Amino acid sequence: MRFYIMTLFPDMVMNGLGTSITGRAMEKDLLGVEAVNIRDYAFNKHNSVDDYPYGGGAGMLMQAEPVYQAYNAVKEKVGRSPRVVYLSPQGRTFHQEMAEELAREEELVLLCGHYEGIDERVLEEIVTDYVSIGDYVLTGGELPAMVIVDAVSRLVPGVLHNDVSAEFDSFQDNLLEYPQYSRPEVWHGKQVPPVLLSGHHANVEKWRREQSVIRTARNRPDLLEKADLDETEKELVRKVLGRDIY
Ligand code: 4FV
């Protein structure tokens, strides 16, 4: 899978993604990440890419032309009109299923805004998906773009040590992940739940499923309506929430 990140801060994204799991995946050519500096496509002698918003208002806006020329350069490399994700608070909120859907793409362009955003006219021409990572305002789209690359990269075969771990992720079957423990068996007087030491896989799976249901009911009851629970688990939810949600 190949990512093209259109940004005014190429070092920020390449330094952030060039380490750890995504960094190793790039070394192993499992992933390609290319930062495209929009300022390289500035068209005036001041090398500026922003200007005042028509109609007034605070802040500056990224102008259409440098973004458009940067996009054309990527389109040239890809050889077709690529999927373009614009990171913006106005977008659909990013979630695991969206990560799985994006992971099916060969190439993905991530457009990072800055200042107050980007001239609407170029967005209308090149953007295929508006995506937000959450209802808060950041200084730029770079961190959201890195979040998308990280979440999607984990789903690319070979990127994680064992692809199995992605199968047991949070949000798989719309439940939060169960609590996990490692050595030592006792820490600060706290014992690892004995079932996990029993070696009885069916009991371990049962306990983990129950913990996921309890944790989801406590922290994210909104997820439960999409989770496929059996009668015993629904009873567990009623006990945790003290009310019936079914
Ligand atoms: C954002 C978000 C976000 C808004 C103006 C960049 C900033 C600035 N992007 N999810 N939340 N973007 O706050 O994706 O241009």
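**Close-up views of the predicted model**

**View A. Trp207 counts as buried, at 15% relative accessibility.** The structure is a predicted model, not an experimental one. The residue falls into the buried class because its 15% is under the 20% limit for that class. Trp207 belongs to one of the aromatic pairs of the model, of which there are three. Another of these pairs is made by Tyr86 and Tyr130, whose rings are edge-to-face, with 6.0 Å from centre to centre and 80° between the planes. Tyr86 is in strand S5 (residues 84-93) and Tyr130 in strand S7 (residues 129-132), so this contact ties together parts of the chain that are 44 residues apart in sequence. Tyr86 is buried, with a relative accessible area of 7%, whereas Tyr130 is partly exposed at 29%. The partner of Trp207 is Tyr181; the two ring centres are 6.5 Å apart and the planes stand at 50°, so this pair is tilted. Tyr181 lies in the loop between helix H7 (164-167) and strand S8 (186-187), while Trp207 lies in helix H8 (residues 201-219), so the pair ties together parts 26 residues apart in sequence. Tyr181 is partly exposed, with a relative accessible area of 42%.

**View B. Strand S6 (residues 107-112) is mostly covered.** How many of its six residues are buried? The count is six of six. Glu107, Val109 and Leu111 point one way from S6. Leu108, Leu110 and Cys112 point the other way, and the residues of both sets are buried. Strand S1 (residues 2-7) runs parallel to S6 and is joined to it by five bridges. Within this pairing, Phe3 stands opposite Leu108. S5 also runs parallel to S6, with four bridges between them. Here the bridge partner of Leu87 is Cys112 in S6.

**View C. Glu34 forms salt bridges with Arg2 and with Lys77.** Side chains of opposite charge can pair when their charged atoms come close. A search of the whole structure finds 14 salt bridges. In the one between Glu34 and Arg2, the N to O distance is 3.2 Å. This pair links distant parts of the chain, with Glu34 in strand S2 (residues 32-37) and Arg2 in strand S1, 32 residues apart. Is Glu34 buried or exposed? Glu34 is buried, with a relative accessible area of 18%, because the limit for this class is under 20%. Arg2 is partly exposed, at 33%. For Glu34 and Lys77, the closest N and O atoms are 2.2 Å apart. Lys77 is in helix H3 (residues 64-78) and Glu34 in strand S2, so this second salt bridge ties together parts that are 43 residues apart in sequence. Lys77 counts as exposed, at 51% relative accessibility, because exposed means over 50%.

**View D. Lys234 and Glu231 meet in a salt bridge within helix H10 (residues 231-241).** The distance from N to O is 3.9 Å, which falls within the 4 Å cut-off for a salt bridge. The two residues are three apart in the helix, so about one helical turn separates them. Lys234 is partly exposed, with a relative accessible area of 22%. Elsewhere, salt bridges that share partners join Arg83, Arg92, Glu101, Glu105 and Asp129 into one network.

**View E. Phe9, Met12, Tyr136, Leu138 and Leu143 form a nonpolar patch on the surface.** Together these residues have about 440 Å² of accessible area. Where does Met12 lie? Met12 is in helix H1 (residues 10-17). Met12 is partly exposed, with a relative accessible area of 36%, and so lies above the 30% that patch residues must exceed.

**View F. The protein chain is divided into domain 1 (2-153) and domain 2 (170-241).** The centres of domain 1 and domain 2, taken over C-alpha atoms, are separated by 37 Å.

Notes
Residues numbered from 1 in each chain as written. Predicted model: local features only at pLDDT ≥ 70, side-chain atom pairs only at ≥ 80, totals over all residues. Heavy atoms only, no water. Patch = residues over 30% accessible without salt bridge, like charges linked within 9 Å, V, L, I, M, F, W, Y side chains within 5 Å. Areas by Shrake-Rupley, 256 points an atom, 1.4 Å probe, with all protein chains shown as cover. Salt bridge = Lys/Arg side-chain N within 4 Å of Asp/Glu carboxyl O. Buried < 20%, exposed > 50% of the residue type's maximum accessible area, 1.4 Å probe, protein only. Phe/Tyr/Trp six-rings, centres within 6.5 Å; stacked < 30°, edge-to-face > 60°. Domains from an automatic or database assignment. Pairing = 2+ DSSP bridges.
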